[in-house]
Amino acid sequence: MNLALKEMPSAAIAPPAVDWFSQLRWQCLALFQHPQLSVNEAMYATGTLLSKIQQCIDEGRLHAGLVESMGRSIVQLADEGLLQQQARQLLPVPWFRLEALQQLPQLAAILTGGETVIPSEPLMAEPDLCAAWLEPTLKRLAQTIITEGDFFAPQRSFGHSFARLSSLLFWFRHWMTLERRAGRAMTREAIREWRETFTRNGSEILALADADEALTSDFCLLKGLTLLS
């Protein structure tokens, strides 16, 4: 992540937090509420922030004020359109995407008890699929997962947490593609119901990505970013 962080005015984008962990959660949520960021751009911004946080932890220097300052700096980059430019340069890594697609049968087992048939041919998500409804749905899903108490767990690096969230959003997009290909109408209500289903089963779905737990934070972060492209 090579975005340079700038010093920003003192206005906060989130209420002051008593500890850096609470402040981090506020800052992540604020990025998904930014009006100029798509869900992929908000994820990129979140990955940038988590990468900086992990670096500070590894160096033994972190406090709530520093987290707030980094969050405000990233928001400024988004305000200026610089973060969006960086996000557009992301390139897919076919292996990571194939690996995530191969887990769709496990996802089907969680969501439908395995009743949904997963096609054997490669599945490509349809980026224009109800875009006006899918974007806010994905943002809301991401915010719900981030607010879960065990999302940022001590046993995981922040890169791993990011990769889990990125995988969940990747699977949601592809699940909506499966639904449409099965002939089911992708109405606003249908997408909302699937969002609630993913939220209800969030812990199990996120656990599908736990094979990455032994990998480095930077590697997991890279994997998460490539699933956005």
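How far apart are the end C-alpha atoms of helix α1, and what span should its 13 residues have? Here are some notes to read beside the structure, which is a predicted model.

1. **Helix α1 and its length.** Helix α1 covers residues 20-32. At 1.5 Å a residue, its 13 residues should span 18 Å, and the end C-alpha atoms are 19 Å apart, so the expectation and the model agree. Try finding the two ends of this helix on screen.

2. **How α1 begins.** Look at D19, at the start of α1. A side-chain oxygen of D19 comes to within 3.1 Å of the backbone nitrogen of F21. F21 also belongs to an aromatic cluster, together with W20 and F158.

3. **What α1 hides.** Several residues of α1 are buried, including Q23, R25 and Q27. L24, C28, L29, A30, L31 and F32 are buried in this helix too. Notice that the list holds residues such as R25 and Q27 as well as L29 and L31.

4. **A closer look at L31.** L31 sits in helix α1. Its relative accessibility is 2%, and because buried means under 20%, L31 counts as buried. Leaving out residues up to four places away in sequence, L31 touches L37, A42, A45, T46, L49, I74 and V75. Take A42 from that list: L31 and A42 are 11 residues apart in sequence, and their C-alpha atoms are 5.6 Å apart in space.

5. **Helix α8.** The same check on length can be made for α8. Its 24 residues, at 1.5 Å a residue, should span 34 Å; the end C-alpha atoms are 35 Å apart, which agrees. Of these 24 residues, 22 are buried, so α8 is largely enclosed by the rest of the structure. After α8 comes G183, whose phi is positive, near 90 degrees.

6. **Aromatic pairs between α8 and α9.** How many aromatic pairs does a search of the whole structure find? There are 5. In one of them, F172 and F198 meet edge-to-face, with 4.9 Å from centre to centre and 75 degrees between the planes. This pair links distant parts of the chain: F172 lies in helix α8 (residues 158-181) and F198 in helix α9 (residues 188-200), 26 residues apart. Both F172 and F198 are buried. W175 and W194 make another pair: their ring centres are 5.6 Å apart and their planes are at 65 degrees, and because planes over 60 degrees apart count as edge-to-face, this pair is edge-to-face. W175 in helix α8 and W194 in helix α9 are 19 residues apart, so to speak another link between distant parts of the chain. W175 and W194 are both buried.

7. **The nonpolar core.** In soluble globular proteins, nonpolar side chains tend to be buried together. Here the largest nonpolar core has 63 residues. The members that touch the most other members are L24, L107, L169, W171, F172, W175 and F198. Helix α8 gives the most to this core, with 11 residues. L107 is a good one to click on: leaving out residues up to four places away in sequence, it touches W171, W175, F198, I205 and L208.

8. **Cysteines.** How many disulfides does a search of the whole structure find? The search finds 0. C56 is buried, with a relative accessible area of 3%. C220 also counts as buried, at 0% relative accessibility.

Terms used. Residues numbered from 1 in each chain as written. Predicted model: local features only at pLDDT ≥ 70, side-chain atom pairs only at ≥ 80, totals over all residues. Heavy atoms only, no water. Phe/Tyr/Trp six-rings, centres within 6.5 Å; stacked < 30°, edge-to-face > 60°. Helix = DSSP H or I, 4+ residues; strand = E, 2+ residues; numbered from the N terminus. Buried < 20%, exposed > 50% of the residue type's maximum accessible area, 1.4 Å probe, protein only. Core = buried A, V, L, I, M, F, W, Y, C linked by side-chain atoms within 4.5 Å. Contact = heavy atoms within 4.5 Å. Expected span 1.5 Å × (residues − 1). Polar contact = N/O pair within 3.5 Å; in protein donor to acceptor, adjacent residues only side chain to side chain. Disulfide = S-S within 2.5 Å.
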